[in-house]
Structures are given as structure tokens and as C-alpha cells.
Amino acid sequence: METPAAAAPAGGFFPSFLLLAFGTLVAAVLGTAHRLGLFYQLMHKVDKTSIRHGGESVAAVLRAHGVRFVFTLVGGHISPLLVACEKLGIRVVDTRHEVTAVFAADAVARLTGTVGVAAVTAGPGLTNTVTAVKNAQVAQSPVLLLGGAASTLLQKRGALQAIDQMSLFRPLCKFCASVRTVRDIVPTLRAAMAAAQSGTPGPVFVELPLDVLYPYFMVEKEMIPATLPKGLMGRVVFWYLQNCLANLFVGAWEPRPEGPLPLDIPQASPQQVQRCVEILSRAKRPLLVLGSQALLPPTPASKLRAAVETLGVPCFLGGMSRGLLGRNHPLHIRQNRSAALKKADVVVLAGAVCDFRLSYGRVLNRKSKIIIVNRNRDDMLLNSDIFWKPQEAVQGEHTPRVPTMCMVSSSYLCCS
């Protein structure tokens, strides 16, 4: 009588195992179908007759963001986007070296307050830009680098000028993305443009493989064999290539928003502003040091100048803030900065960093009250553990619709 009772659990285990195996198989099949884009293809169409190409999508996003120049050294990987930019009135400036293209884009970003754009070909074209991209990173300059790449199916298979470009630029850029389908061009570029300007500005990189930039008929000619192969394996490979082609272009030309996304700009809180007001109101020998960050959008230079003049605090100008007050402004001090910083009882460092330019903070008087304002926390507190200590450190993360950093304090103070 004990034998049937003992056998009962074994009999119940087998159906459970079959159910688990079946569920795992179904999940694997569904996952594979999703990765192959089969579900998306059921709900969207592939326009096989269209002569449009991904370069047009790139150009449309750039125009919607107010881009006027694209700096480049022409290469086959990126030709469609350059042609499309010219057709939409974006001036394509051909340089003699890729590093020059990115330096020029950096200059446009600094002088206009918009994102500077450079486009270069794959492999050595991108490696040639590294110095300029690093320079933009250090300078906190919003630059969009568009890089060509081998076709999606040929990456890591020895294609022309194919290298691991993403690993090269991740340490240098705030945002790195490789576009895998034509429909992803617009949302990826919008996200990249927003990332370049949000938080602490900096360079971003978007990789654009050949097959997302060229039109369907050209990609089909390169990807799909002219005749159906024989044998089961040949037919499976043929179907796989056809599916990859369809997934590249499915839903490619459906209308999508192309304009700018909201920016995430660090803001000073009202409490921080009030504390800065109280410190400055009691100062007898205040001093203001403006760095490049003080000129970052969205605060225009004219409003920053008006804020400085309303405060009436003597100031030193450095980096991109040079020239803010004109040639002979009474508040602008040009000499003896170290002596002035030693004598000041309150020092406002607006976008200035305690690096080698301020002797790593040693030039500051330990008895002075220091207000430092910076979008980047690491820069803001640089060397504060050794040579100086802030009375008020203002980064003010993620508080929308409040006057921006740096002379957030100034303009806000003037209104208080």
C-alpha cells in the first residue's frame, strides 16, 4: 500500500516539468521574435519604393534644433547626411582634418550658446577627433559628434574602417549611442542634443552605420543575394537577411517630433539664494570671480552684465566671461588678483574652479567667506578638502524654471 503513495509525487512532477519547459520555450521564442523586430513589423510598414534615406532624418532634427553649420571632412560613410543638410539650408563646412571639424564645432558652441555639430567618417576619421572631443569635455562645451560606421550586420566582421568606436568615446562623452534602425535616428538625436546641454554641458556622440543612412534600394542591393540560395541553411540565412532589412526600414518615415526636448539645468534653490543674499549684504570687501560657466545659456550675457552692475561688486573675468563688461568698466579689475582675493572678506566664485588658475585654492584667504556656484559638483568642491572651504556651495540640482546657476545668485539676488 505504500508504493502508490510514494509514486504519487513523481507522477505530479512530470507534468509540472513539462509545463515549465513549455513556458520557457514560449518565452524564448517570444524574446527572439522581439529581438528580430517581428512584432514591430506586424504593426508598421516598410516602404520599399521610397528613395528617402536616413540622412534626411538627421538633417531634419538638426534644422529643428537651430543648427546652422555642420563641420566635416567628407567621407562615404556619412555622405547622405551631408547632402541632406545642404538641401535644408544647413551650411556644410569641409575641413582638412577631422580634429579641425570638432574644434570648429566647439567654437560655434561657445560663441552662440547652441550645440556645435561635427560629422566625420568611420574608423580613423573618428580617432582623429579625440583631442578636440576631450577639449570640449574639459571646456564643458556642448558638441554633437556624428560618426559613420560599418553596416550593422558587418560590425565585428572585419568591415572597412570598422573599430569599436563606442568604447573609444564613452570616457569622453556624456552620451553615446549607436543607431540600429532608421526609425531610431530622430529620437536618438533629440536625446543627444538635450544631453549635450543639460546638467554640465559637454560633448555627445552618435554612431550612424551605413545602412541607416542610405536608401532602401541601395541597402537591399548590398545586403540581399540576387538569387535565392539552395539548401535549408541557405534559405534560413536568406530569410534572416530579409528580416534584418525589413527591421532597418520598418516605420522609418512615420511622422515623429523633431524639435528640442526639455533641458535639465541645475538650479539654485530659493533657500540657497537667500543665504547668499545674507552673506553678501554683510560684506565690506566683496569680490566676484566669473568663469566660463557664467556665460552658459539660458542666461544671456546682457542679463548677466546687468546683474553684475546692479550688485556693484568688483570682479575679475576669466575664460569665456572676458569682455563681458567692455573695455573700461569701473567694476572690472585686471591686475593684482591674488592680493585682492587675500583682502576680500566675501568671494563669489561663479563658474570659476579652484584649479591651477586659482593656485588650487591657496590664493583664497581662509578667513574669507566663499560662495561658489557651479553646475558640476566635482569642479565646485575641487581642492576644498585641502586649501579652502566654501561657506555656501550652490549646485542646486533638478529644480526647473528657476534662474540658472552661476549668476543665478546674481540675477536672483538683484531681484530680492
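Here is a chat between a trainee and a mentor about how the terms used for this predicted model are earned.

Trainee: What should I know before we start?
Mentor: This is a predicted model, where local features need pLDDT of at least 70 and side-chain atom pairs count only at pLDDT 80 or more, while totals for chains, interfaces and linings use all residues. Residues are numbered from 1 along each chain as its sequence is written, and side-chain values use heavy atoms, with hydrogens and water left out.

Trainee: How many helices and strands does the protein have, and what makes a run count as one?
Mentor: There are 17 helices and 11 strands. Both are DSSP runs numbered from the N terminus: helices are H or I with at least four residues, strands are E with at least two.

Trainee: Why is α12 called a helix, and how do you know what span to expect?
Mentor: α12 covers residues 232-249, which is 18 residues, and a helix needs at least four, so α12 qualifies. The expected span is 1.5 Å times one less than the number of residues. For α12 that comes to 26 Å, and the helix reaches 26 Å from its first C-alpha to its last, close to expectation. Just after α12, Gly-251 takes a positive phi of about 65°.

Trainee: Why is Asn-383 called buried?
Mentor: Its relative accessible area is 17%. Buried means under 20%, exposed over 50%, and partly exposed in between, with a 1.4 Å probe and protein chains only. So Asn-383 is buried. In the protein, buried residues make up 47% of the 416 residues, and those in α12 include Phe-238, Leu-241 and Phe-249.

Trainee: What makes the link from Asn-383 to Cys-354 a polar contact?
Mentor: The side chain of Asn-383 reaches the backbone oxygen of Cys-354 at 2.8 Å. A polar contact is a pair of N or O atoms within 3.5 Å; within protein, one must be able to donate a hydrogen and the other to accept it, and residues adjacent in sequence count only if both atoms are side-chain atoms. The 2.8 Å pair falls inside that limit. Asn-383 sits in the loop between α16 (377-380) and β11 (392-394). Not counting residues up to four places away in sequence, Asn-383 touches Cys-354, Asp-355, Tyr-360 and Trp-388, where contact means heavy atoms within 4.5 Å.

Trainee: Which label fits Lys-156, and which fits Gln-161?
Mentor: Lys-156 has a relative accessible area of 87%, so it is exposed. Gln-161, at 30%, is partly exposed. Both are in the loop between β4 (143-149) and α8 (165-169).

Trainee: What makes their phi values worth a look?
Mentor: Most residues other than glycine have a negative phi, and most peptide bonds are trans. Phi of Lys-156 is near 65°, a positive value, and Gln-161 has a positive phi of about 55°. As for peptide bonds, a cis one joins Pro-297 and Pro-298, with omega about 10°. Pro-298 lies in the loop between β7 and α14 (301-311).

Trainee: What is the class make-up of the lining of the second largest pocket, and how are the classes set?
Mentor: The lining has 12 nonpolar, two polar and four charged residues. Ala, Val, Leu, Ile, Met, Phe, Trp, Tyr, Cys and Pro count as nonpolar, Asp, Glu, Lys and Arg as charged, and the others, Gly among them, as polar. The largest share of that lining, five residues, comes from α11.
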